[in-house]
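Visitor: I've just started learning about protein structures, and I'd love a tour. Could you take me through this one?

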Amino acid sequence: MRYLSELVSKKVLNLYSGKVEGTVKDICFNDGYKKIEYLKIFDNDEEEYIINTNKIYKFGQDSIVIKNAEAMTLSLNLKEKNNNIINYDIFSTSGDFLGKVKDIEFNDKFQTQAIISNETKFSPSQIINVGENVIINDNDKVRIRLSNFKPRQPMQNLIREEEKVEILAPTISIQSFNENSFKINASPSPQKVIGNSNFLLGRKALKNIYSINNNLIVKKENIITQKILELAKRYGKLSELTIYSKR
């Protein structure tokens, strides 16, 4: 087995030119952290290159061997990932802190065999998520999919049913009034509170009165009862009930 700690700082030897192209300074994993996909190297002029691990000829004791310079690509020409997890904190899905990532164990094909912390060792298949920390599944009997934890809707749309409110109708003011003709204007001022509304009891409604949600509060010609009065209070319709009722 190989270890990341022995890979970083190795020299990169070009067989065709016979020269050392640079030194390994970092690595990039594939999306599942199951393989080291690229090596990042600096040449003698401090230019940064990357080498796809599929193009590495040999992993020697003292150097990484490539056939020729075609194995090297300027890092600016590739959308590389910066996903080395060395020194990341590790937490289990049970909420336990499992130390920091100290090393990565891999085989000759650069496939990840184990991720090593100062307290534990786990396989890349146990990784649930990597953000600012590494989250692993510590229960082999339970299969966890990260997609199961995704919010079903954006946070700004989350609201409990009981928190929904009804929009009250605008208050109205009387411009002219008689029993056969009414003319009303919407008023931007706050609705006046009728202190004692019991005077409406026993009056007759002159038209159907509805809430803003089209719920019938009182039907035309019906006598205003205590129940109707309570509905009018609830839906902010006391003023309208006052206007459209008579003895």
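**A walk through the chain**

Guide: Let's start with two rings: F106 is buried, and F110 is buried too. Keep in mind that this is a predicted model.

Visitor: How are the rings of F106 and F110 arranged: stacked, tilted or edge-to-face?

Guide: Their ring centres lie 5.5 Å apart, and the angle between the planes is 10 degrees. Planes under 30 degrees apart count as stacked. So the F106 and F110 pair is stacked.

Visitor: Which residues form one aromatic cluster with F110?

Guide: We've already met one of them, since F106 pairs with F110. The cluster also takes in another Phe, so its members besides F110 are F106 and F59.

Visitor: How many aromatic pairs does the count come to?

Guide: F29 and Y33 form one of them, with 5.3 Å from centre to centre and 40 degrees between the planes, which makes it tilted. Both F29 and Y33 are buried. The count of aromatic pairs comes to five.

Visitor: Charges can sit over rings too, right? Which ring does the charged end of K207 sit over?

Guide: There's a case with K58, whose charged end sits over the ring of Y57, 5.9 Å from the centre. For K207, the distance to the ring centre is 4.2 Å, and the ring is that of Y244.

Visitor: Let's go to the loops. Is N107 buried or exposed?

Guide: N107 is in the loop between β10 (97-106) and β11 (112-117). Its relative accessibility is 17%. The cut-off for buried is under 20%, so N107 counts as buried.

Visitor: And what does the side chain of N107 reach at 2.9 Å?

Guide: Leaving aside neighbours within four places in sequence, N107 is in contact with M1, R2 and Q113. The 2.9 Å partner is another residue, though: the side chain reaches the backbone nitrogen of Q111.

Visitor: What about S9, buried or exposed?

Guide: S9 sits in the loop between α1 and β2 (11-14). If we skip residues up to four places away in sequence, S9 touches T23 and V24. Its relative accessibility is 54%, and over 50% means exposed. So S9 counts as exposed.

Visitor: How far apart are the C-alpha atoms of S9 and I41?

Guide: Along the chain, S9 and I41 are 32 residues apart. In space, their C-alpha atoms are separated by 8.9 Å.

Visitor: Which element gives the most to the largest nonpolar core?

Guide: Nonpolar side chains tend to be buried together in soluble globular proteins. Here the largest nonpolar core has 29 residues, and L7, I36, L39, I51, I64, I85 and V134 touch the most other members. Several elements supply at least two residues each, including α1 (4-7), β3 (20-29) and β14 (134-136). The one that gives the most, with four residues, is β10.

Visitor: How many residues does the other core have?

Guide: That core lies apart from the largest one. Among its members are L206, I209, V218 and L229. Its residue count is 15.

Visitor: Last one: how much of the whole chain counts as buried?

Guide: The chain has three helices and 20 strands. It exposes about 16200 Å², with carbon and sulfur atoms supplying 47% of that area. Of its 247 residues, the share that counts as buried is 34%.

Notes. Residues numbered from 1 in each chain as written. Predicted model: local features only at pLDDT ≥ 70, side-chain atom pairs only at ≥ 80, totals over all residues. Heavy atoms only, no water. Buried < 20%, exposed > 50% of the residue type's maximum accessible area, 1.4 Å probe, protein only. Areas by Shrake-Rupley, 256 points an atom, 1.4 Å probe, with all protein chains shown as cover. Polar contact = N/O pair within 3.5 Å; in protein donor to acceptor, adjacent residues only side chain to side chain. Contact = heavy atoms within 4.5 Å. Phe/Tyr/Trp six-rings, centres within 6.5 Å; stacked < 30°, edge-to-face > 60°. Lys NZ or Arg CZ within 6 Å of the ring centre and 35° of its normal. Core = buried A, V, L, I, M, F, W, Y, C linked by side-chain atoms within 4.5 Å.
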